[in-house]
Amino acid sequence: MMLVKWLGSVVFLAIGLFTNVLGAYVGVNIGTDVSNMPSASDIVAILRANQITHVRLYDADSHMLKALSKSGIEVIVGVLNEEVLGIGESASAAAAWINKNVAAYMPTTNITAIAVGSQVLTSIPNAASVLVSAMNNLHKALVASDLNFQVKISTPHSMDIIPRPFPPSTATFNSAWNSTIYQILQFLKNTKSFYMLNAYPYYGYTNGNGIFPIDYALFRPMPSVKQIVDPNTLFHYNSMFDAMVDATYYSIEALNFSGIPVIVTESGWPWLGGGNETDATLENAETYNNNMIRRVLNDTGPPSQPDMPINTYVYELFNEDKRPGPISEKNWGVFFTNGTSVYPLNFSGPGQIIGNSSGVFCVAKDDADSDKLQNGLNWACGQGHANCSAIQPGLPCYLPNSIKSHASYAYNDYYQKMRSVGGTCNFDGTAMTTNKDPSYGSCTYAGSSHSSTRGGFLPPVASGPVSPFSGATSLPVSRIHSLISAAFAALLI
């Protein structure tokens, strides 16, 4: 048994070193207020198929922790807000929590951190007095289990505890919380842990009364005359995201701490909202999350801490449609529960996207049988993982509303993504290749010189669980296991 435990420690050390060599990473949050939640094994298959290497759970669900075993995926487990009080008041309760939810799954499940509550100071302030005690009790339990070097403890905070985040150089924590935050920072420093920040430029923009342009919130480039500059440091901030992270570093510094990394445990953009939520759109969500991923993976920090990469977790994997509140609150997910993505999103960065250098497109034949076209369309939008969002009602490629037109779009999207790994343009004899770009009007086909997504290994995409015509096949998630990268296996050899 001692040999097995030692080997497990070596595995974790190797994984940790491998992650550090790779630099900054982007993970994803997995919420559970979801109708028709996939099984734990199917969720892990979705993560693997999309090369997602880091996840944050809001709890310590046993099914998920078992399914993540031997996956190599790094896991943050969560202490629920309602558990904080009991753990803060009882060292034995903390030890029992660690034994049940952490030690029982290691080393095969790669648990690397514990998030104690979620935004405790602002969401359940009555528990704030025992928050640090809860963190200390959990840490002592980790020490007793010889897991304190592998598992770090922190607690996520919202930007609300920094009342005036701009300019970043003058940002400070709300003085009402100074004593508690000081103790938290002392704990993080002593245990070599990190500050967990939930950063939402969506709310910074929508609640900002027009102070900042939306391009600043979406990481879009701005002309020099509109760039956001801190008047004290003259640092230029190209995004609200960077400014929020820097405001956090300056707030930490104001309490005389340094060297505590900030990781962003939540950030994202809703893709659907109500009538008064006009900025919650598919386009903005796609723009924000893809730009955020590119920014994080450039492996640099904010202006004041350029050597401190900003590891970030996208909020969130699925739409939590059971959450109360406005429509936007239910539509932050980047994947549907059948495994298709809401919009093109690449967790591995732009290097995975392959262009259509040959100028060849795949379209439906004019004389193709309509039933075969329907079957081909359903397959492409389902098992074929084509991005069928643009052919939904009201979107650029919906008209002309014909099976041939929609099939051409779906066929081509599949072909551009999969031909480099053997995908063909056949579809039971209903398709053909052409050198003529089939794009028209505002409808841009994948592979076009005007397309922003030109094939390659983007995640499977669809605008919903069905194609625009009835009967689309849902993604058979269980079959995604065949796509697992050998790299994961290599980590465990």
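Which pattern do the disulfides of the chain follow, with bonded cysteines counted along the chain? I began my notes with this, keeping in mind that the model is a predicted one.

**Disulfides**

My search of the whole structure returned three disulfides, and with the bonded cysteines counted along the chain I read their pattern as 1-5, 2-3, 4-6.

I took C362 and C425 to begin with, which a disulfide joins at an S to S distance of 2.0 Å. The torsion about their S-S bond is about 85 degrees, so I noted this disulfide as right-handed. The pair links distant parts of the chain, since I find C362 in strand 12 (residues 361–364) and C425 in the loop between helix 14 (403–418) and strand 13 (431–434), 63 residues apart. Both C362 and C425 are buried.

I then turned to C381 and C388, joined by a disulfide with S to S 2.0 Å, and here I noted -95 degrees about the S-S bond and a left-handed link. For burial I looked up each cysteine: C381 has a relative accessible area of 6% and is therefore buried, while C388, at 1% relative accessibility, also counts as buried.

The remaining entry on this topic is for C397 and C443, which a disulfide joins with S to S 1.9 Å. About their S-S bond the torsion is about 105 degrees, so I entered the disulfide as right-handed. This pair too links distant parts of the chain, with C397 in the loop between helix 13 (370–381) and helix 14, and C443 in the loop between strand 13 and helix 15 (486–492), 46 residues apart. C397 counts as buried because its relative accessibility is 2%, and C443 is buried with a relative accessible area of 1%.

**Aromatic pairs**

Searching the whole structure for aromatic pairs, I obtained 22. I looked up F219 and Y288, whose ring centres lie 5.2 Å apart with planes at 50 degrees, so I recorded the pair as tilted. F219 sits in the loop between helix 10 (214–217) and strand 8 (228–229), and Y288 in helix 12 (residues 282–296), so the pair ties together parts that are 69 residues apart in sequence. I noted both F219 and Y288 as buried. Following the ring pairs, I found a cluster that links Y200, Y202, Y203, F219, F241, W269, Y288, Y315 and W332.

**The sheet and its helices**

I traced an open sheet of nine strands in the order 5-4-3-2-1-11-10-7-6, with parallel pairing. Its edge strands are strand 5 (152–154) and strand 6 (156–158), each of which pairs on one side only, and I noted an average twist of 25 degrees from one strand to the next. Within the sheet I looked up strand 2 (residues 54–57) and strand 3 (residues 74–79), which pair in the parallel sense over three bridges; V55 has V75 as its bridge partner in strand 3.

Helix 8 (residues 178–190) packs on the sheet, where I find it touching strand 5, strand 6 and strand 7 (195–198), and its direction makes about 170 degrees with that of strand 5. Helix 11 (residues 240–254) also packs on the sheet, touching strand 7, strand 10 (262–267) and strand 11 (312–314), and its direction makes about 135 degrees with that of strand 10.

**Helix 7**

My last entry is for helix 7 (residues 128–144), whose 17 residues reach 25 Å from the first C-alpha to the last, close to the 24 Å expected at 1.5 Å a residue. Among its buried residues I listed V130, L131, N137 and H139. Just after helix 7, I noted that D146 takes a positive phi of about 60 degrees.

Definitions and conventions
Residues numbered from 1 in each chain as written. Predicted model: local features only at pLDDT ≥ 70, side-chain atom pairs only at ≥ 80, totals over all residues. Heavy atoms only, no water. Phe/Tyr/Trp six-rings, centres within 6.5 Å; stacked < 30°, edge-to-face > 60°. Helix = DSSP H or I, 4+ residues; strand = E, 2+ residues; numbered from the N terminus. Buried < 20%, exposed > 50% of the residue type's maximum accessible area, 1.4 Å probe, protein only. Disulfide = S-S within 2.5 Å. Expected span 1.5 Å × (residues − 1). Pairing = 2+ DSSP bridges. Axes fitted to C-alpha atoms, helices over the stretch in contact; angles between N-to-C directions. Contact = heavy atoms within 4.5 Å.
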